[in-house]
Amino acid sequence: MIKSNKISNKLLSMVGIIMVIVFGVSYLLNNYFLSDYYLYKMKQKLTSTYDEINDLSINKLMEIENSVENTNNVTIVIMKNNGNVDELNELMQFSLYKEKIPLNKFWITEDTIKKVNEGKPVKQIYNQGKIKSSLLTLLYEKEGHLVLIGTVVVHNTDAMNIINQLNFYSIVFGIIIILLLVAYYSKKIITPLEELQSVAKDIANLNFKQVHIKSGDEIEELSHSINDMSTRLKNAHFQLEMKNQNLNSLVSNISHEVKTPLSLIQAYTIGIKDGLDDGTYTNVILEQVRNTSDMVDHLIMLAKVQALDVSKEMFDLREFLQKLIINYKVLLNNNGIEVREHIASAENCMVIADKSQMDIVFNNLISNAIKYGEEDFFSITLENDLDGRLKFEIKNKTTKVKEEHLQNIWDSFYVIEDSRNKEISGTGLGLAIVANILDKNDLKYEVTLNGMNIHFTIWFETQ
């Protein structure tokens with residue numbers, strides 16, 4: 001049973017109306033106008049024959065009479081015009097009889113003779129009664145002769161009634177068959193559309209389903225587009241949820257990070273007001289203000305990094321690192337720290353990335369190695385791996401980082417030190433900034449522990 005719906009109803013109604021109009025007009029034309037049109041075409045045939053032979057002499061016409069009759073499917077009779085109406089009628093009927101056109105009724109009137117003598121062609125039709133035919137004639141005068149062009153017009157009323165009746169039954173049967181076919185094919189179209197509608201509703205309700213339609217037409221292409229849209233929306237929704245979770249976590253972490261220094265500042269400010277300052281309160285307040293300021297700077301940096309567009313360019317990574325290490329020369333000397341470089345042996349060091357953003361990444365990693373390294377040196381390595389990529393690695397000793405810390409080390413505000421001492425743990429935003437930049441530049445990176453050494457590794461595609 002065909003399911004009732006708007007599209008199928010519209011299709012059936014539209015096709016049904018069109019068919020009724022087309023077949024109805026055809027039926028009316030056949031029933032009421034075909035006979036008149038048939039007679040019109042017969043008259044037109046006589047007229048065209050008259051136009052063809054009118055300018056010919058009688059002798060020339062007699063020569064080509066048979067050819068004209070056969071070509072135009074007419075009968076031509078030529079006789080002398082003696083002006084006697086009775087004789088002319090008798091001779092004309094006899095001539096037509098010889099042409100195998102027996103007539104029950106035929107007459108030429110004096111008025112007809114008068115008109116043809118004046119040079120006017122006269123058309124007349126002679127109904128033959130029971131023999132169900134008529135003789136359609138065109139009579140004109142030429143060089144003292146009367147020329148009659150005639151053709152038999154069959155009375156087709158009975159035949160047309162039978163034909164129209166058959167047409168009516170054929171039309172009704174055709175309408176039924178076509179409507180059934182329309183209903184069948186509309187179901188084949190509507191069923192996948194209903195599936196698409198159902199999936200679209202599920203997608204609107206955040207249930208990202210897939211639809212499988214094999215119709216080999218535009219509906220199948222539409223299903224592929226909807227599936228692609230569903231996948232993209234699912235990923236976008238997941239990313240949005242992750243961002244919301246990260247935002248909630250970020251707000252919570254910021255609140256926690258700000259609350260502690262503000263509480264300390266408040267407590268020490270009250271102590272100063274109450275005269276309890278032993279000379280260290282101001283230093284504590286300044287330290288907390290500095291830590292909070294550093295955290296705000298890192299937050300601003302993180303926000304800028306997330307909003308920045310990536311502008312990649314080709315540059316020599318080895319040369320870039322060498323210049324960067326030189327900039328740390330004074331700081332390294334002041335802290336008594338040595339950089340052990342292993343970058344000279346790398347062969348192809350031309351990479352594509354956002355150079356200004358890579359500056360932020362390497363500055364963060366080198367600063368962390370200087371600040372949190374537990375030996376008087378750290379190492380930087382640059383080498384080509386077996387996949388043809390350029391591998392950067394910075395390594396320093398640590399006893400505080402454990403294997404369980406690594407899965408969260410790139411998260412915002414994640415600190416390893418339980419006491420959250422800023423001198424030991426920092427703000428917990430530096431590596432989050434690094435991770436954001438590397439993700440935006442589509443670079444693979446990881447952090448690993450090897451014994452008491454922590455390794456930060458980045459892979460670059462070479463050119």
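The paragraphs below go from the whole chain to a handful of its residues.

The model is predicted. Its protein chain has twelve helices and eleven strands. Of the 463 residues, 36% count as buried. Among contacts between residues at least 6 apart in sequence, 65% join residues at least 24 apart. The chain exposes about 28200 Å², and carbon and sulfur atoms supply 55% of that area.

Part of the surface is a nonpolar patch of about 1000 Å². Its members are Phe-168, Tyr-169, Val-172, Phe-173, Ile-176, Ile-177, Leu-180, Leu-181, Tyr-184 and Tyr-185. One of them, Val-172, is found in helix 5. With a relative accessible area of 36%, Val-172 is classed as partly exposed, because that label covers values between 20% and 50%.

Helix 5 runs over residues 157–204, and a loop lies between it and helix 6, which spans 218–273. Two residues of this loop can be set side by side. Leu-206 is found there, and so is Val-211. Which of the two labels, buried or exposed, applies to Leu-206? Its relative accessibility is 51%, so Leu-206 counts as exposed. Val-211, by contrast, has a relative accessibility of 4% and therefore counts as buried.

The surroundings of Val-211 can be listed. Leaving aside residues up to four places away in sequence, Val-211 touches Glu-195, Leu-196, Val-199, Ser-223 and Asn-227. A further pair is given by distance: Val-211 and Ser-230 are 19 residues apart in sequence, and their C-alpha atoms are 9.7 Å apart in space.

Leu-206 also has a backbone feature to note. Its phi is positive, about 65°, although the residue is not a glycine. Most residues other than glycine have a negative phi. Glu-143 is likewise not a glycine and has a positive phi, of about 55°. Glu-143 lies in the loop between strand 3 (133–142) and strand 4 (145–154).

Another loop residue, Asn-441, sits between helix 12 (430–440) and strand 10 (444–450). Asn-441 has a relative accessible area of 2% and is therefore buried. What does Asn-441 touch, not counting residues up to four places away in sequence? Its contacts are Val-310, Lys-312, Ala-353, Asp-354, Gln-357 and Met-358.

The last stop is in a strand. Glu-393 is found in strand 9, which covers residues 390–397. This glutamate is buried yet has no salt bridge. The nearest side chain of opposite charge is that of Lys-391, 4.3 Å away. Why is the pair not counted as a salt bridge? A salt bridge needs a side-chain nitrogen of Lys or Arg within 4 Å of a carboxyl oxygen of Asp or Glu, so the separation of 4.3 Å between Glu-393 and Lys-391 does not qualify.

Glu-393 does have polar partners. Its side chain makes a polar contact of 3.4 Å with the side chain of His-455. Another polar contact, also given as 3.4 Å, joins the side chains of Glu-393 and Thr-457. Both partners appear again among the residues that Glu-393 touches, a list that leaves out residues up to four places away in sequence: Ser-379, Ile-380, Thr-381, His-455, Phe-456 and Thr-457.

Definitions and conventions:
Residues are numbered from 1 along each chain as its sequence is written. This is a predicted model: local features need pLDDT of at least 70, side-chain atom pairs count only at pLDDT 80 or more; totals for chains, interfaces and linings use all residues. Side-chain values use heavy atoms; hydrogens and water are left out. Helices (H or I, at least four residues) and strands (E, at least two) are DSSP runs, numbered from the N terminus. Buried means under 20% relative accessible area, exposed over 50%, partly exposed in between (1.4 Å probe, protein chains only). Lys and Arg count as positive and Asp and Glu as negative; His and the chain ends are not counted. A polar contact is a pair of N or O atoms within 3.5 Å; within protein, one must be able to donate a hydrogen and the other to accept it, and residues adjacent in sequence count only if both atoms are side-chain atoms. Contact means heavy atoms within 4.5 Å. Accessible areas come from the Shrake-Rupley method with a 1.4 Å probe; for residues, only the protein chains shown count as cover. Patches are made of residues with over 30% relative accessible area and no salt bridge: like charges are joined within 9 Å, nonpolar side chains (Val, Leu, Ile, Met, Phe, Trp, Tyr) within 5 Å.
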